[in-house]
Amino acid sequence: MTYQTPIDDINFILWQVLGAPQQLQALPALAEADDDLLRQVLTEAGKFVDDVVAPLHRSGDEVGCRFDQGQVTTPPGFRDAYQAFWQAGWPALACAPEDGGQGLPGVLEAVLYELLSAANHGWTMAPGLLHGAYECLKHHATEELKAQYLEKIATGEWLATMCLTEPHAGSDLGLARTKATPQADGSYRLSGTKIFISGGEHDLSDNIVHLVLARLPDAPPGPKGLSLFLCPKFYPDGSRSAVVCERIEEKMGLHGSATCVLRFDDATSWMVGEPGRGLNAMFVMMNAARLHVALQGIGLLDAAWQKAHAYAQERRQMRAPGRAKSSLEPSLIIEHPAMRRILDTQRAWIDGGRVLAYTTALELDMAKHHVDAPRRQQAERWCALVTPVLKSAWTAQAFNGASDCLQVFGGHGYVREWGIEQIVRDARVAMIYEGTNEIQAIDLLVRKVLPDGGIALADLLQQLCPTAPDTPADGLTMPAIAPTQMQLESQLQTQVADLSALLPPLASACAQDPELAYWVADDFLRAVALTLLTWAWTRLDHASAALPDAQQARWHAPAAALRHWVLPEFAMRLCIIKARLV
């Protein structure tokens, strides 16, 4: 089966769980994004994903990208799908109207990229960096560069890359050696080799805009010596730049996306932002990319669940426990508790992940458009703390959960016929790129929690807890909980109390032992992720309780799986951390 957009679940979370339309219409810049418009955009997005992008998923993997003498050809249908994508205005959803965009909420773009990633991860790698590149140029490029490139990037007519690492550098960008030599006309000549460049060469768009980290001749060593440069594939006069695609990588997955080695041979470029502040400018791209990678995890897990769930409702194997011995017909796989446990557990992560990712996208809208400065700061704090958690925890679950979904197929899952093995292969890279999951954990604990002794995180946790004082509805505070939701509410209170109590001794111990935070960062991030997941499900439980009885059933099984099979991990993670504090 091909992926099908779960539009009813998405609408339920945005409307009933999060009250997204009310939040957005309170922002003057987004006041025109009413219910009808939001629903229409999401419906049309689902149609495009289901009808145009999803059918190319398997063929894109089987054919893959082809490399020949510096040129890359994408799988059949990929270029036509991308041309239809940008011409329909999808890349421009959240870009400013003055730049050729539609000025719509960023949360719509977030949902769109979740759907695209679920339907065809390889194809989606191409437009996935557009919004980050747009924000980078909008905030840091000169007016001349904006005039030449910003609208093309905003509309998606031209695609973009993010050229960071090099063969010897990996995640340590401070080791990058690509040189930028100043020219008399104000331009620069780039020389060096960049690796792992998604979409570094392809035939999807007529031009590719490369954003490249490089060093000026007098730059100091390390990350503070890096500046950011723009180097297009083709210049405005139609001439081609001295950027050469040396090869594309033979990868475990994502065969529909070309991962390129690019060589810059004195390629003419222009600086974006200030000298020595290239990482600051590029972090605009990377932060946006990390939320999108989290959404990739959610989408890929949903795609795996859809395949496994459909198979479990068709395939018969043995007699399920509790079924009458007189029954001669084997049971459906879905009737076996072991398989229901797998499927319901993945759905608990999918549903809770959507609540958290959509909340984060709404908070990005708040940070960008809210008229109240303290509210913008609150939104920025949420995004800073929650984004690394989302990226790490949900990409890990995408791979591990997709592998569990493969288990539902038995031996059939290990062969290509059913398509589940492709999702497992494709999902694995999301744990690595845009900062490995270990780097995300270190970023959370070392850079964002410990510097203030955990005060900001403790405040956020208290805001999530339903026992916290009531505040105006803003997407982050729990509404009143009905008695039927008391079990999850109690769990959340316990987690918030335990995690908050851990922060002071952890901060004190880490101040004494410079290695400690790096030993326990992964466990700490998992504990935070599980607390956020519990909060998300208290929201889901509250909203689903207001549904008709027939519709409530949809949410019961994953909620039970969350309590039985997921949340017990929280205590284990805290035990691991506390054992290191002794």
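Buried, in these exercises, means a relative accessible area under 20%. Keep that in mind as you work through this predicted model.

**Exercise 1. Find out which residues of helix 14 are buried, and where the helix kinks.**

Step 1: Apply the cut-off from the start. In helix 14, the residues N437, Q440, A441, D443, L444, L445 and V449 count as buried.

Step 2: Now look for the bend. Helix 14 has a kink of about 25 degrees, and D443 is at its centre.

Step 3: Put the two together. D443 is on the buried list, and the kink is centred on D443.

**Exercise 2. Check the span of helix 14 against its number of residues.**

Step 1: Helix 14 has 13 residues, and the rule is 1.5 Å a residue. The multiplier is one less than the number of residues.

Step 2: That gives an expected span of 18 Å.

Step 3: The C-alpha atoms at the two ends are 17 Å apart, so the values agree.

**Exercise 3. Work out which strands pair with strand 9, and in what sense.**

Step 1: Start with strand 5. Strand 5 and strand 9 (residues 259-272) run antiparallel, joined by 9 bridges. One spot to look at is S191, whose bridge partner in strand 9 is D265.

Step 2: Go on to strand 8 (residues 243-248). Its pairing with strand 9 is antiparallel too, over 5 bridges. Here C245 sits opposite L262 of strand 9.

Step 3: Finish with strand 7 (residues 226-232), which pairs with strand 9 over 3 bridges, again in the antiparallel sense. Check F229: M271 of strand 9 stands opposite.

**Exercise 4. Describe the largest pocket: its space, its lining and the elements behind it.**

Step 1: The largest pocket holds about 1,300 Å³ of space. It is lined by 49 residues, and L164, I432, Y433, E434 and G435 are the closest to its centre.

Step 2: Which elements give two or more residues to this lining? They are helix 6 (106-119), strand 5 (188-198), helix 10 (278-312), helix 13 (420-428) and helix 14 (437-449). Helix 10 gives the largest share, 9 residues.

Step 3: Sort the lining by class: 24 residues are nonpolar, 15 polar and 10 charged.

**Exercise 5. Do likewise for the largest cavity.**

Step 1: Rolling a probe the size of a water molecule over the atoms reveals where empty space is left. This structure has 4 cavities of 30 Å³ or more.

Step 2: The largest cavity has about 70 Å³ of space. Its lining has 14 residues, with A126, L204, G256, S257 and A258 nearest the centre.

Step 3: By class, that lining splits into 7 nonpolar, 6 polar and 1 charged.

Terms used:
Residues are numbered from 1 along each chain as its sequence is written. This is a predicted model: local features need pLDDT of at least 70, side-chain atom pairs count only at pLDDT 80 or more; totals for chains, interfaces and linings use all residues. Side-chain values use heavy atoms; hydrogens and water are left out. On a 1 Å grid over the protein atoms alone, a cavity is a set of points where a 1.4 Å probe fits but cannot get out, and a pocket is an open set with protein on both sides within 12 Å along at least five of seven lines; lining residues have an atom within 4 Å of a point. Grid points are joined across faces, edges and corners, and a volume is the space filled by probe spheres set on the points. Ala, Val, Leu, Ile, Met, Phe, Trp, Tyr, Cys and Pro count as nonpolar, Asp, Glu, Lys and Arg as charged, and the others, Gly among them, as polar. Helices (H or I, at least four residues) and strands (E, at least two) are DSSP runs, numbered from the N terminus. Two strands pair if DSSP finds at least two bridges between them. The bend at a residue is the angle between axes fitted to the seven residues ending there and the seven starting there. Buried means under 20% relative accessible area, exposed over 50%, partly exposed in between (1.4 Å probe, protein chains only).
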